[in-house]
Amino acid sequence: MGKSSFSFLGLLILIAFSCGWNNVKDKKVIRDSSITLTTSYNPLFLDSASLQQFIAENNWVKEFEQQFVDFYTDRNYEYAWFDSTGLSEQAHHFYNLQNDYITRLEDSALFNKQFRDLYAVYSNKPAKAIKPNKEVLFTELMFTGQFFKYAAKMYKGADINLADLGWYIPRKKLNLHALLDSIIEKKATDVINYAPVSLQYPRMEKWLFRLVEMQKKEVLDSIPNLKKSLRSNDTSQLIIRIKKRLQFLQNDSLTNTPIFDTSLVLAVKKFQERHGIDVDGVIGNKLIADLNVPLKKRIEQLLINMERARWMPPQQDSTYVLVNIPEFRLRVFEAGKNLLQMNVIVGSSANNTVIFKGNLQYVVFSPYWNVPESIVRKELLPAIRKNSGYIAKHNMEITQYVGGLPQIRQKPGANNALGRVKFLFPNEFNIYLHDTPNRNLFAQTNRGLSHGCIRIAEPKKFAEFLLRDQPNYTSTAIDSLMYLEKEKWVTLKKKIPVFLVYFTSWVDQAGVLHFRRDIYQHDQKMAQKLFQK
């Protein structure tokens with residue numbers, strides 16, 4: 001998994017929004033009365049009564065009523081999509097953008113026949129042939145409504161309850177009227193440059209279009225499971241089929257022979273890296289299973305993660321910690337650079353790590369482990385009944401009884417379940433980062449092993465980074481603090497945002513598409529919401 005250390009840099013920009021977003025923040029709606037027939041180059045204006053009538057007569061735009069009112073109030077009801085030249089340049093750009101999306105993805109959700117027909121009428125009409133009448137007014141408002149519908153789908157996401165999907169990071173707010181106002185004002189040729197989306201999103205979209213085209217050429221040839229793994233210099237007729245599939249999926253240059261040659265080793269390692277499989281150049285059944293996934297499923301997986309990318313809120317701090325749960329990886333970013341990264345162990349399928357945002361505030365050296373009530377009931381009490389010396393053997397103590405239940409904590413030491421240090425970002429889920437005495441587990445590929453908290457592979461390095469601006473906490477001092485008999489709390493000078501996210505697909509900075517397994521079945525739940533018949 002070594003080279004994967006750089007593969008997730010793309011997720012940095014899931015929460016570092018494009019510079020254009022600064023232009024479309026919420027703003028107070030003020031009618032600009034300086035815009036008039038005299039001062040404007042545009043001779044076309046509407047009135048509020050016409051706008052309200054359009055909204056009343058077209059049910060599909062009613063959800064955008066306030067956005068309509070705010071947008072045209074800001075403009076003093078000047079037309080946005082028509083000007084002194086006729087249909088504006090922005091109108092042509094937007095129509096082509098939406099039409100390209102509909103055509104390439106064969107997605108009819110945004111298609112509006114009436115809108116298409118009106119565009120056909122006015123796309124080539126010269127300004128002198130366009131008179132202010134009901135049809136021109138209808139076309140103007142149809143453009144605005146269609147833009148709001150497109151932007152809501154592309155940049156806000158589906159209208160679903162995120163908590164139902166186990167996602168507790170607040171969804172970003174989207175001001176459609178401010179977005180449209182910015183695009184019209186800047187004469188933007190590409191909406192996405194001004195949209196509140198991450199730079200990751202267009203990368204994913206580019207791959208989406210590519211996969212859709214590839215799917216049209218896909219010939220499904222399910223490769224059977226292997227009785228034993230294939231290695232370099234092995235010979236097998238299955239190798240020809242494996243090479244063919246890798247060539248199709250990765251555009252690798254491979255020979256059409258049954259020999260496991262050097263070029264195949266490199267292609268296999270590349271595929272393993274992209275799918276979170278041990279990068280050893282050996283073909284096993286995990287790799288075969290991923291090779292056999294149809295592109296239709298990969299397209300759905302990518303769409304699901306594009307939806308998640310739409311939800312991510314803007315991140316104001318340049319320093320933050322990001323843990324991608326299905327990748328079992330933690331990264332620290334500062335001023336746009338990935339300064340630190342390490343493997344992590346996350347919650348098991350039975351004890352999911354929660355998806356949320358917190359603020360890292362405390363480093364606790366030589367911590368006590370206050371054993372959760374659920375673990376006391378399910379694991380410790382049965383163990384104590386079997387062995388009365390269990391508590392002492394595991395360096396634990398009972399601090400009190402509450403309702404007859406012992407409150408148990410494990411004292412600092414080599415076998416403490418939290419290791420030598422823990423990192424707290426107070427939250428209602430009681431999730432935190434911590435060291436572990438079981439360091440051998442970080443070598444496993446599937447690291448969904450904990451009760452929900454996140455064990456990190458290099459806790460000392462992480463502590464050094466967090467305390468880098470507090471000169472008393474040198475490397476030597478941190479070493480000493482990790483071997484105390486009583487825990488020591490240190491408060492950070494500044495809280496650091498922590499994002500626990502769940503992305504099973506993303507595109508790295510090199511433009512390489514990655515996939516991971518849906519360890520908590522969150523993708524499956526989202527698919528039921530997004531792809532209902």
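This report describes salt bridges, the buried face of one helix and two pockets in a predicted model.

**Salt bridges**

Across the whole structure, a search returns 23 salt bridges, and three of them are set out in the table below.

| Pair | Closest N to O distance |
|---|---|
| Arginine 116 and aspartate 117 | 3.3 Å |
| Lysine 297 and glutamate 300 | 4.0 Å |
| Arginine 468 and glutamate 334 | 2.7 Å |

Side chains of opposite charge can pair when their charged atoms come close. In the pair formed by arginine 116 and aspartate 117, which meet at 3.3 Å, arginine 116 has a relative accessible area of 33% and is therefore partly exposed, while aspartate 117 is partly exposed at 32%.

The salt bridge between lysine 297 and glutamate 300, with N and O 4.0 Å apart, lies within helix 11, which covers residues 295–311. Because these two residues are three positions apart in that helix, about one helical turn separates lysine 297 from glutamate 300. Lysine 297 has a relative accessibility of 48%, which means that this residue counts as partly exposed.

The contact between arginine 468 and glutamate 334, whose closest N and O atoms are 2.7 Å apart, has a different setting in the sequence. Arginine 468 is found in the loop between helix 14 (459–466) and helix 15 (475–481), whereas glutamate 334 belongs to strand 4 (residues 329–334), so the salt bridge ties together parts that are 134 residues apart in sequence. Both partners are partly exposed, arginine 468 with a relative accessibility of 33% and glutamate 334 with one of 25%. Elsewhere, Lys113, Arg116 and Asp117 are joined into one network by salt bridges that share partners.

**The buried side of helix 14**

Helix 14, which precedes the loop that holds arginine 468, contains the buried residues Pro459, Phe462, Ala463, Phe465 and Leu466. These residues lie on the same side of helix 14, because the arc that they cover around the axis is only 160 degrees.

**The largest pocket**

The largest pocket has a volume of about 1,300 Å³. Its lining is made up of 39 residues, and those closest to the centre are Tyr101, Asp107, Ala109, Lys153 and Leu530. Two or more lining residues come from each of helix 2 (65–74), helix 3 (89–105), helix 5 (134–156), helix 7 (200–217), helix 11 and helix 16 (522–530). Helix 11, the helix that also holds the pair of lysine 297 and glutamate 300, gives the most to this lining, with six residues. Sorted by class, the lining of the largest pocket has 17 nonpolar, five polar and 17 charged residues.

**The second largest pocket**

For the second largest pocket the volume is about 970 Å³. Of the 36 residues in its lining, Trp369, Pro372, Ile375, Tyr432 and His451 lie nearest the centre. The elements that supply two or more residues to this lining are strand 7 (369–370), helix 12 (373–386) and strand 10 (421–424), and helix 12 gives the most, with five residues. The lining of the second largest pocket divides into 17 nonpolar, 15 polar and four charged residues.

Definitions and conventions:
Residues numbered from 1 in each chain as written. Predicted model: local features only at pLDDT ≥ 70, side-chain atom pairs only at ≥ 80, totals over all residues. Heavy atoms only, no water. Salt bridge = Lys/Arg side-chain N within 4 Å of Asp/Glu carboxyl O. Buried < 20%, exposed > 50% of the residue type's maximum accessible area, 1.4 Å probe, protein only. Helix = DSSP H or I, 4+ residues; strand = E, 2+ residues; numbered from the N terminus. Arc of directions from axis to C-beta. 1 Å grid on protein atoms, 1.4 Å probe; cavity = no way out; pocket = protein on both sides within 12 Å on 5 of 7 lines; lining within 4 Å. Points joined across faces, edges and corners; volume = space filled by probe spheres on them. Nonpolar A, V, L, I, M, F, W, Y, C, P; charged D, E, K, R; others polar.
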